[in-house]
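Q: Could you take me on a close look at the metal site in this model? I would like to see which residues hold the ion and how they sit in the chain.

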Amino acid sequence: MKVRNEITEIYDQLIKQMRSYHPSSDFSMIQKAYEIAGEAHKEQKRKSGEPYFVHPMSVALILANLKLDKETIVAAILHDVVEDTDITVEDVEREFGHEVAFLVDSVTKLSNLSMEITQAQMSKEALKHESFRKLIMAMSRDIRVILIKLADRLHNMRTMQFQKPDRQVAISKETMDIYCPMAKRLGISIVQTDLEDLSMQYLYPEAYEAIKAKIEETEQSRRIFVNRIKAEIYSGLKEADVECDVEYALKHYFSIYRKMINKGKTLNEMYDIYALKVIVDSVRDCYVTLGVLHDLYKPVPGRFKDFIALPKSNMYQSLHTTLISSDGTLFEVQIKTREMHEVATYGILAHWKYGMPGENVQTLSGSQKEKAEWLSQILEWQQEISDTDEFIDLVKQDFNLFSETIYCFTPKGDAKSLPKGSCAVDFAYAIHSDIGNHAARCVINGRVCPMETVLNNGDQVEIITDSNQKGPVAEWIHFVKTGTAKNKIHKYIVEGKKERKP
Ligand code: MN
């Protein structure tokens, strides 16, 4: 009786949450999915002993909390029926239409990746590559497939205490290797950080416990400090006529751990285990706030970052600075607008907008995804490159490099973000493929340099084109770092267009 209640409770929460954001009030399709899937999973139990149906319903609720559309929620409720019950994809299509059937079918085909891990004949690397390949291919068809997979993984990670220890480690590793970077790339940090911290509990339990203990032990003194600083910031900004909210947010355990490893620091040396977030109304107010704060406190040199003028490649925007309080304590502040705050949390999902009933409702499978430049680039690559392995290599490369980004500028001051190690050819192609194809020389910070020159952060780069140049130099393929440049040069060579002599 108790468990029956648990499922109806999740259902009630799901409908309540959907009413809060979804323009339609007709949730009969949700109810139908709930009834059909509930009946199909009726006899099945999870390792915990609770009814299996708790799982798909929880996945649906995670996605409703991310404000996804009705089809995605329905597909989430149904996501395990084809795999685990007698219901077929054809049944789903008949009852719920093509869109839902496509989502369920795609998720089913992606499932069992982790099962394969323990039974793998393949090497770990090959398997990782294969899992990654499947995910990317699915995503390039419809991003909602990946969103369902991410929610599925999140709920499985949250309820992993009933698995055997070796499974816990294997699944956590896969989560860290594949799902976390995926969530990060889409900017959905609310899911990424949760997945990272859950995986960390199984992969680095001692570090996890040590960080947790340290944070709890210092929480009270930190609160007292933060409250004082908050009050000072509020009054400073009030004087400057800036309306703001100041939020105190602890960093996630894994991001603290990652920083400790990267910087070779002990826990006691880490001052940035939390950040103050100052949320204001406009971009103008962000910079006013920065000025006020740098007047109130001494900033730490070299710690200021302007991600508003130069957004990260997953669309993250904010001003970051580290300040010194009157008693010498360092603290980090992030300054952003409400909208930037939304994007920082929900990434690509922050731009999800619903039309009213009857309107042409936009979905992530449609034009919204154009907003994520990276995604549309993947789609472009996918259309242009027929060799799957080559396509995946390009995406992987982009994936691995994106955290280390440099910014270079055109003579007019337009910024181009490039992976570290990029050369002037990458820059030329980042401007336009015609510029790349006809590039003759480049001028970096006022000096004429070869096109193969590796660029540094902040370089000003001018590309001089020559319309007599027909196509790129074939050797460039060995120097370029970006997928775009590699792809364009490769295409030129393959299509047998006359390449020029170096
Ligand atoms: Mn599942």
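A: Happy to; here is a walk through the metal site, followed by a cysteine elsewhere in the sequence and the chain as a whole. Please keep in mind that this is a predicted model.

Let's begin with the ion itself. The manganese ion has four kinds of contact atom to look for: NE2 of H55, NE2 of H79, an OD atom of D80 and an OD atom of D152, at 2.2 to 2.5 Å from the metal. Read along the sequence, these donor residues follow the spacing H-x23-H-D-x71-D. H55 and D152 thus join distant parts of the chain, with their positions 97 residues apart. H55 belongs to helix α3, residues 54-65, while D152 belongs to helix α10, residues 143-158. Both of these residues are buried.

Now for the cysteine. C180 sits in helix α11, which runs over residues 165-185. C180 counts as buried because its relative accessible area is 3%, under the 20% cut-off. Leaving aside residues up to four places away in sequence, C180 touches T175, Q192, L195 and E196. For E196, the C-alpha lies 6.5 Å from that of C180, with the two residues 16 apart in sequence.

Finally, the wider setting. The chain has 502 residues, 50% of them buried, and contains 21 helices and eleven strands. Among contacts with a separation of 6 or more, 67% are between residues 24 or more positions apart. The accessible surface of the chain is about 24,300 Å², and carbon and sulfur atoms make up 49% of that area.

Terms used: Residues numbered from 1 in each chain as written. Predicted model: local features only at pLDDT ≥ 70, side-chain atom pairs only at ≥ 80, totals over all residues. Heavy atoms only, no water. Helix = DSSP H or I, 4+ residues; strand = E, 2+ residues; numbered from the N terminus. Buried < 20%, exposed > 50% of the residue type's maximum accessible area, 1.4 Å probe, protein only. Contact = heavy atoms within 4.5 Å. Donors = N, O, S within 2.8 Å, 3.2 Å for Na, K, Ca; no water. Areas by Shrake-Rupley, 256 points an atom, 1.4 Å probe, with all protein chains shown as cover.
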